[in-house]
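Here's a quick briefing to read with the model open beside you. We'll start with the sheet and then move on to the ligand.

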Amino acid sequence: MGNILITGASRGIGEATARVLAAKGHNVCINYHTQKDLAHQLVVDLTQQGVKAIAVQADVSQEQQVVDLFNTMDEQLGPLTGLVNNAGILLPQMLVEQMDAQRINQLLSTNVTSYFLCCKEAVKRMALKHGGQGGAIVNVSSAAARLGSAFEYVDYAASKGAIDTLTRGLSLEVAREAIRVNCVRPGFIDTDMHTDGGEPNRIERIKPTIPMGRGGQPVEVANAVAWLLSAEASYVTGSFIEVAGGR
Ligand SMILES: NC(=O)c1ccc[n+]([C@@H]2O[C@H](COP(=O)([O-])OP(=O)(O)OC[C@H]3O[C@@H](n4cnc5c(N)ncnc54)[C@H](OP(=O)(O)O)[C@@H]3O)[C@@H](O)[C@H]2O)c1
């Protein structure tokens, strides 16, 4: 079984992904930013299931912290076989005409720079040309990349557009290095993120416009991530799975 690093795994989709991967027998490195207690409780839960799990604090928008995160993973868990780039933020809803550079840069550094930095560290460890054994990367994007999030947070939607392009470009760069790079685009998933965006009941409001008539659960995204990481997806790279109830 593998050693998989999941960014932003203290709660929400990242936590669900850690639980699904651990249930399949993988060792997991749970990165968190502020929620130390949640991350450490998750480690206790997963360790009881018989896998190795560690929690490592790092702000993944900061290059040195990402380097330290991956080094800690090397030392405490073993060689990296998979990366789930999941950590992300949503800032309060506003029009593009109201956004300032501080907000835009904060959002882009957390949602985009972090994914590049983590991909870089993963490729340095997994690429055949660097002595690695190959592996898989899954980027968590969003249906917002397609939909645009007008009147809510176009900056967030644009950050996810960048992740789609990173996925496609990197998948081509490392296809001959035995590394697969894929992406999931969740729709409206029941997590704390909507509260951060200023509208805790956002899914209730949007529900009637979702073809399946409901929001999604974090585990429904986690299952798609786990499949993309697995050997069952061995010929899948540069691909996108929509997990958005048909939206
Ligand atoms: N929920 C949705 O409807 C939805 C839809 C489409 C896409 N997504 C995407 O799915 C991913 C997970 O979202 P979620 O809904 O599960 O969000 P969430 O419940 O708000 O959790 C966000 C996670 O990201 C971590 N994080 C935030 N900033 C970080 C940083 N600078 N460094 C390291 N970790 C950081 C948080 O860590 P702490 O808790 O430790 O602070 C937390 O674990 C995001 O990329 C999001 O854009 C979500």
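A quick definition before we dive in: two strands count as paired if DSSP finds at least two bridges between them. Keep in mind that this is a predicted model. With that in hand, the sheet here is an open one, built from seven strands.

**The sheet**
- The strand order reads 3-2-1-4-5-6-7, and the pairing is parallel.
- Strand 3 (53-57) and strand 7 (240-243) sit at the edges with a single partner strand each, so one side of each has no neighbour in the sheet.
- On average, neighbouring strands are turned by 15° against each other, direction ignored.

**Around the sheet's edges**
- Helix 2 (residues 36-48) packs on the sheet, where it touches strand 2 and strand 3.
- The direction of helix 2 makes about 170° with that of strand 3.
- Over at strand 7, four bridges tie that strand to strand 6 (residues 179-186), and the two run parallel.
- If you want a pair to click on, Cys183 has Phe240 in strand 7 as its bridge partner.

**The ligand shell**
- How many residues surround the ligand? There are 30 of them, and the closest are Gly8, Gly12, Ala87, Gly88 and Thr191.
- Helix 1 (12-23), strand 2 (27-32) and helix 7 (193-196) each chip in at least two shell residues.
- Helix 1 gives the largest share, with three residues.
- Sorted by class, the shell holds 15 polar, eleven nonpolar and four charged residues.
- Strand 2 turns up twice in this briefing: it supplies shell residues, and helix 2 touches it.

Conventions:
Residues are numbered from 1 along each chain as its sequence is written. This is a predicted model: local features need pLDDT of at least 70, side-chain atom pairs count only at pLDDT 80 or more; totals for chains, interfaces and linings use all residues. A residue is near a molecule or strand if its C-beta atom, placed from the backbone, lies within 6 Å of it. Ala, Val, Leu, Ile, Met, Phe, Trp, Tyr, Cys and Pro count as nonpolar, Asp, Glu, Lys and Arg as charged, and the others, Gly among them, as polar. Axes are lines fitted to C-alpha atoms, for helices over the stretch in contact, and angles run from 0 to 180 degrees between N-to-C directions. Two residues are in contact if their C-beta atoms, placed from the backbone, lie within 7 Å.
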